[in-house]
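Visitor: Please take a close look at a single part of this model, and go through it piece by piece.

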Amino acid sequence: MQSPADILKSIWTSAGGDAAALARVRLTGEEPQIPSSFRVAVAGQTTIAAAGLAAAEIWRLRSGEAQDVTVDIRHAVVECRSERYLRVDDKPPPPAWDAIAGVYSTGDGRFVRCHTNFPHHRDAVCKVLGCAPERDKVQAALMHWKGEDFETAAYAAGGVVALMRSHDEWSALPQAQALAQLPLISIEKIGEAAPKPWPQGSSNNDRPLAGLRVLDLSRVIAGPIAGRTLAAHGADVLLVSGPELPAIPWLTIDTGRGKLTTFIELKTEAGRAQLRELLKDADIFSQGYRPRALARIGFSPEAAAHINPGIVYVTLSAYGHAGPWAERRGFDSLVQTTTGFNHAEGQAAGIDGPKELPAQMLDHATGYLMAFGAMMAKARQAREGGSWHVRVSLAQTGRWLWNLGRLDGGLDTPDLTGDAVHLAFIEAVPSGFGTLKAVRHSALLSRTPAQWSRPAMPLGSHPAQWPART
């Protein structure tokens, strides 16, 4: 198996990073850290390190000063489970899942996973099944379905579910074959533009991303993690949501650190005009909407590059931008289920049925890869000009994680205890919700320590405008 250093080198150089910069990175600690047959801790450590090194390189480009980057594997894997360690006024998280979310058996002896945390997704499942939103009624109804037929019908109705597949079953699908032709991170030039100089006169001039403006149009985990990471290195990140959009409050708090947050109603022309004005002065546009959803209202990558030549546009999808599932909605837990992880972990544990990874690692690693790709593309824009499109997907991150190899006996690893986590990696900070005890960022930069200079606030707390540059 590849060493963590070799894995990081592959990520870094695949996006055009100078291999010489890798000499300034230290990856400390040993795997495994949490119980899994997959290399989840290394996946967290190397993706966080890639983003940290990108920030350090931008600092070197802007200041002429090199610095070291250190990422401890235990701290990294804790950060990749940050939502479970968050405390608000010492209160723990509420239940993470809706009452009918989770795994069910089907009439043909298969397993399906339903993701129903958003009301419209729950309603779609119940509409297809013709039952009330109660676990026993959902299970009874599913005994009249074949697993793949239900998966297809639920998606057609606007739901999000996944049939549990083995990795071999997944690999035989056209979607898996389409992903095999794509890189882990796609960075493509989509338009001509002059190089944009690094901004001056920011209030955060001691940070790598000082003065950079990031529009964050994302929800749940991966996209918001990307924005949180860019904010940790000094970017002005403006989270754009809508008053009618469903959200998961605990995740909003955890990933909202460092960000401004505003409401814009994109269903109206007035709201779209507001977003166009913000986009004109943005450096990075990061979005996790269903593929082509923003294109339909005038914010495709090409349209964004027309509005603001030189933009870096970052797209997150569930299953990749090519193949028959390119339009399919999805979340980490579903992608784990359908691509073989849950089946493989279940087999490794000796159980008949799915077993989840011990972290939402596809979400977290993809979030750090989004931030990494955004920074690498921005550095390239500053050097050679152009507008750029960065694309990542949960399924492609999963393919990468699978190919890192398996750990014999990994599931026997003791899980991390709350006491060890809270003593070592947690900081107490004020917020708009109360006092937060939350995981610090695990990429330690020797000259520009990562920090969140803005508190997490309730959605819509700020005006739809950029902070002034001093």
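Guide: Contact here means heavy atoms within 4.5 Å. The model is a predicted one. With that cut-off, and leaving aside neighbours within four places in sequence, Gly434 is in contact with Asp89 and Val429. Gly434 sits in the loop that runs between strand 14 and strand 15. The C-alpha atom of Gly434 is separated by 13 Å from that of Gly256, a residue 178 positions apart from Gly434 along the chain.

The two strands joined by this loop belong to an open sheet. Three strands make up that sheet, in the order 3-15-14, and their pairing is antiparallel. Strand 3, residues 87-88, and strand 14, residues 426-429, are the edge strands, each pairing on one side only. Helix 18, residues 418-425, packs on the sheet and touches strand 3, strand 14 and strand 15. The direction of helix 18 makes about 65 degrees with that of strand 14. Between strand 3 and strand 15, the latter spanning residues 436-439, the antiparallel pairing rests on two bridges. Arg87 has Lys437 of strand 15 as its bridge partner.

Beyond the sheet, the cysteines can be taken next. A disulfide requires a pair of cysteine sulfur atoms within 2.5 Å, and by this rule the count is zero. For Cys126, the closest cysteine sulfur is that of Cys131, at 4.8 Å, so the two are too far apart for a bond. Taken from the other side, the sulfur of Cys131 has that of Cys126 as its closest cysteine sulfur, again at 4.8 Å and too far for a bond. Burial is judged by a cut-off of under 20% relative accessible area. Cys126 counts as buried because its relative accessibility is 10%. Cys131, with a relative accessible area of 18%, is buried too.

The last item is the largest pocket, which has a volume of about 1,000 Å³. Its lining consists of 38 residues, and those nearest the centre are Arg219, Leu245, Gly288, Tyr289 and Arg290. Helix 5 (119-129), strand 9 (236-241) and strand 12 (312-317) are the elements that give two or more residues to the lining of this pocket.

To return to the starting point, Gly434 lies in the loop between strand 14 and strand 15, and the sheet containing these strands has the order 3-15-14.

Methods. Residues are numbered from 1 along each chain as its sequence is written. This is a predicted model: local features need pLDDT of at least 70, side-chain atom pairs count only at pLDDT 80 or more; totals for chains, interfaces and linings use all residues. Side-chain values use heavy atoms; hydrogens and water are left out. Two strands pair if DSSP finds at least two bridges between them. Helices (H or I, at least four residues) and strands (E, at least two) are DSSP runs, numbered from the N terminus. Axes are lines fitted to C-alpha atoms, for helices over the stretch in contact, and angles run from 0 to 180 degrees between N-to-C directions. Buried means under 20% relative accessible area, exposed over 50%, partly exposed in between (1.4 Å probe, protein chains only). On a 1 Å grid over the protein atoms alone, a cavity is a set of points where a 1.4 Å probe fits but cannot get out, and a pocket is an open set with protein on both sides within 12 Å along at least five of seven lines; lining residues have an atom within 4 Å of a point. Grid points are joined across faces, edges and corners, and a volume is the space filled by probe spheres set on the points.
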